[in-house]
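Visitor: I've got a few "how do you know that" questions about this one. Can we take them in turn?
Guide: Sure, let's bring it up and go through them.

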Amino acid sequence: MPKTQYTKTALKEAIAGKLQRHFACEVEDATKDQVYEACALVVRDALTEHMIETQNEVERDGERQVHYLCMEFLVGRSLRNNAYNLGMLDALTAALKDMGFEMADIFEEEADPGLGNGGLGRLAACYMDGMATDGVRGTGYSIRYEHGIFKQKIVEGQQVELPDSWLSTGEVWQIPAMDETREVKIGGTVDTYFDDNGKLVVNYHDYTPVLAVPYDMPISGYGTNNIARLRLWKAQSPIALDMKLFSSGEYLKALEKHALAETISMVLYPEDNHREGQSLRLKQQYFLVSATLQDICAKHKAKYGTLENFAHKHVLHINDTHPTLVIPELMRILMDENDMSWEQAWNITSQSVAYTNHTVMPEALECWPVSLVQELMPRVMQIIYEINERFCKELWNYFPNDFQKISKLAIVADDTVRMAHLAIAGSFSINGVSALHSEILKERVFTDFYKIYSSKFCNVTNGIAHRRWLCEANPELAELIESKIGIGYRTHPSELQVLNNYADDKELLDKLGEIKRHNKQRLADYIKAHNGIEVNMDSIFDVQVKRLHEYKRQMLNILHIISLYHKLKDNPDMDFVPRTFIFGSKAAPGYAVAKKTIQLINSISKMIDNDPAVRDKLKVVFLEDYKVSLAEIIMPAAEVSEQISIAGKEASGTGNMKFMMNGALTIGTMDGANVEICEAVGKENIFIFGMETPEAEALAASGSYEPMVIYQNDPVIRRVLDQMIHGFGDGVDYTDIANLLLHGGNGGPADRYMSLKDFASYAAAQERVSEVYRDQDQWNRMALINIANSGRFAADRSIAEYAQNIWRVKTNFAF
Ligand code: C3B
């Protein structure tokens, strides 16, 4: 447990002190944002102290450290989370109350640090929490994007992107470490030759130096003083102004160099599950990798005087292929700057790097043009060529004379660098993020690599920070749980299982229903305030929140909603369990179909809300600007969790876990972690529908799928699509979407993700949802079983598996 105890009085004094010193004001005159900042500074003081202690310990014991590299860390707000973890939330709430403020209002002052797009970035953040709590020596590395994920506004039904400036309230959590600034070299020319002793000499010149300035966010663990550090690199030019140009009157040009260097950390690319081919993105990747490695190596050398024992002391974990350049970059540092031979450098590198794959979407598998890598990092490209050369020789031993196969598996081919192949060649471990996904990697995506390196492949199913997503986001539920099973589950989430014993406890089930209703009310208030829509509190809150992507099939949900609308129009007095369908989703700004889908949801929402015949029974709500803090309101209020991707495409999903933990029932396909959720709760406590992976893949591969035939034979679907063609009364034309489903487009087949094929089975599963909902006891019982069996989806469990099976480092977590 943490050493420090925080009393209300001490906190009041500390906050008042910060207000005086930082804002020259007394408590009575302070604004809410000043109070937020003062609270953050108080909490930060405690964290910084712990961070120094942790760093000293790491330095002293010399145990293996984990370095977690990711282009995204979607950390969410920090104040409440840190206060909770440090055990000061109650004292802080009371202190603020005494000072005349509501804690919840103060939390609202903090902007969400949007340093990520979706699942990938949020997972990285959950793992920082897990590492801190479980005593893993972990550091996260990413970029301190000035602008995180854009803010989404809905204007006339359409997404409009606005810049996100999170730093105004987020800066307080970051501690700059100027003395650890590193220099990253970009572009230029490299000459290599052998000297008289046969030694390779590398002469790298005319590059552009960019400074990488570290800002450290201390990430607290629960019930411990251990801190995981998140190091965010900011790009800065070493020259403030080119004075030569300035003196000759070329003011703009003088500033140009400066500005160009700083663009590197200016903005997060808003693409999710999609590769981004622009040169700035590659610069960002190299910037992250090079600064991080220089940092680790410099400290290691200062301690040990050599990098020979590097692999014993460090694991470099790469989250998806985005930081794969660690492999050639570490080779460069070991060979060019530390005089190691290729073999020695390769041994160290390939024993240090572990790779997690997060997607099988072909459009997300990164490939970079050789010419671009060459231009931006010429020495790194030379090294990649050499890795490729040696790798292909190795492949030859496995597939002699099979030129076709070797070129298929090569790292460099067709003038592109295939990052996943580089990651596989240069790492000691490759894992997927759910049992199904890891199997798909072995059997389909990386089949030949698996034949060669079967022992490198493994699975670690994703997990979420259950303290944030359950204890903090849903305090009433946490209190109920704790009244029955105590607080042990906070650090041993599997103890939630004890709740299974209460499945027939009518009193508990009623209480569960009551809490859900409170949380629904909170969301209903939010909807009323933001969308002006009054939702029916007795309706089922059915939620699909996640990035907008065709494979995630928001479309299937929409088609079904339209069919329900028709049903109700035909028979307004039918016995219908009212439903509120809630969506929240950002679309990548360049992804036209995704943006049109958002517009479609809004058109339907409006049509239904304007129709007195149906609007009390059916509602569609699109919540703008879906983000972590909004998810913290949505998850506790949800009753149905939509996890309806086409089987075989969603690597894991993590929203599915958050919903389940908050007692929502899943309607889902056998995809990603849904498969394990189903296994955990039993088929009778989840609504599974649709094709399974083998069937979906076989159908896609056969080329015989014809959605037009379904359209012709199924009157429900025909009417839905016909309506889409006729529109929803607001003058917006959705023929393009109907055509995409029926005829294909953008070079893709009709209904690529087979929504029409799974429609009937989905609609039937939705019928079952309504039927069960009629019996509230049964519903609450199922909800309880979901909560009780959600412990295995805690990040603590995932981190413990990484620690034991991949990183080989100590953890305090006991299974
Ligand atoms: C996501 C996947 O799409 C999810 O299935 C998965 O749960 C998470 O990663 C975390 O593993 N993902 C993402 O958000 N961005 C990518 N570029 C690739 C995968």
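Visitor: Which domains does the shell around the ligand draw at least three residues from?
Guide: Keep in mind that this is a predicted model. Domain 1 (62-77 + 112-427) and domain 2 (466-792) each give the shell at least three residues. The ligand is surrounded by 19 residues, and the closest are Gly 119, Leu 120, His 358, Ala 651 and Ser 652.

Visitor: What classes of residue make up the shell around the ligand?
Guide: You get 11 polar, 5 nonpolar and 3 charged residues there. Gly counts as polar in this scheme.

Visitor: And how many residues of each domain are in contact with the other?
Guide: On the domain 1 side it's 32 residues, and they touch 26 residues of domain 2. Helix α6 gives the most to that side of domain 1, with 5 residues. By class, the side of domain 1 that touches domain 2 has 15 polar, 9 charged and 8 nonpolar residues. As for the C-alpha centres of the two domains, they lie 36 Å apart.

Visitor: Why does Ile 264 count as buried?
Guide: Count the C-beta atoms around it: the cut-off for buried is 20 or more within 10 Å. Ile 264 has 25 such neighbours, so it counts as buried.

Visitor: Where is Ile 264 found, and what is it in contact with?
Guide: Ile 264 is in the loop between α9 (251-262) and α10 (279-304). Setting aside neighbours within four places in sequence, Ile 264 is in contact with Val 210, Ala 235, Lys 283, Gln 284 and Phe 287. Then there's Glu 146, which is 118 residues from Ile 264 in sequence, with a C-alpha to C-alpha distance of 9.8 Å.

Visitor: What makes helix α25 largely enclosed by the rest of the structure?
Guide: Same kind of counting. Of the 10 residues in α25 (residues 628-637), 7 are buried, so the helix is largely enclosed. The buried ones are Val 628, Ala 631, Glu 632, Ile 634, Met 635, Pro 636 and Ala 637.

Visitor: Last one: how do you know that α22 is roughly perpendicular to α33?
Guide: Look at the angle. Helix α22 (residues 506-531) packs against helix α33 (residues 776-788) at about 85 degrees, with the axes 9 Å apart. Angles of 65 to 115 degrees count as roughly perpendicular, so α22 and α33 get that description. At the contact, Leu 509, Leu 512 and Gly 513 of α22 meet α33 residues including Gln 776, Asn 780 and Leu 784.

Technical notes. Residues numbered from 1 in each chain as written. Predicted model: local features only at pLDDT ≥ 70, side-chain atom pairs only at ≥ 80, totals over all residues. Near = placed C-beta within 6 Å. Domains from an automatic or database assignment. Helix = DSSP H or I, 4+ residues; strand = E, 2+ residues; numbered from the N terminus. Buried ≥ 20, exposed ≤ 12 C-beta atoms within 10 Å, placed from the backbone. Contact = placed C-beta atoms within 7 Å. Axes fitted to C-alpha atoms, helices over the stretch in contact; angles between N-to-C directions. Parallel < 35°, antiparallel > 145°, perpendicular 65-115°, else oblique.
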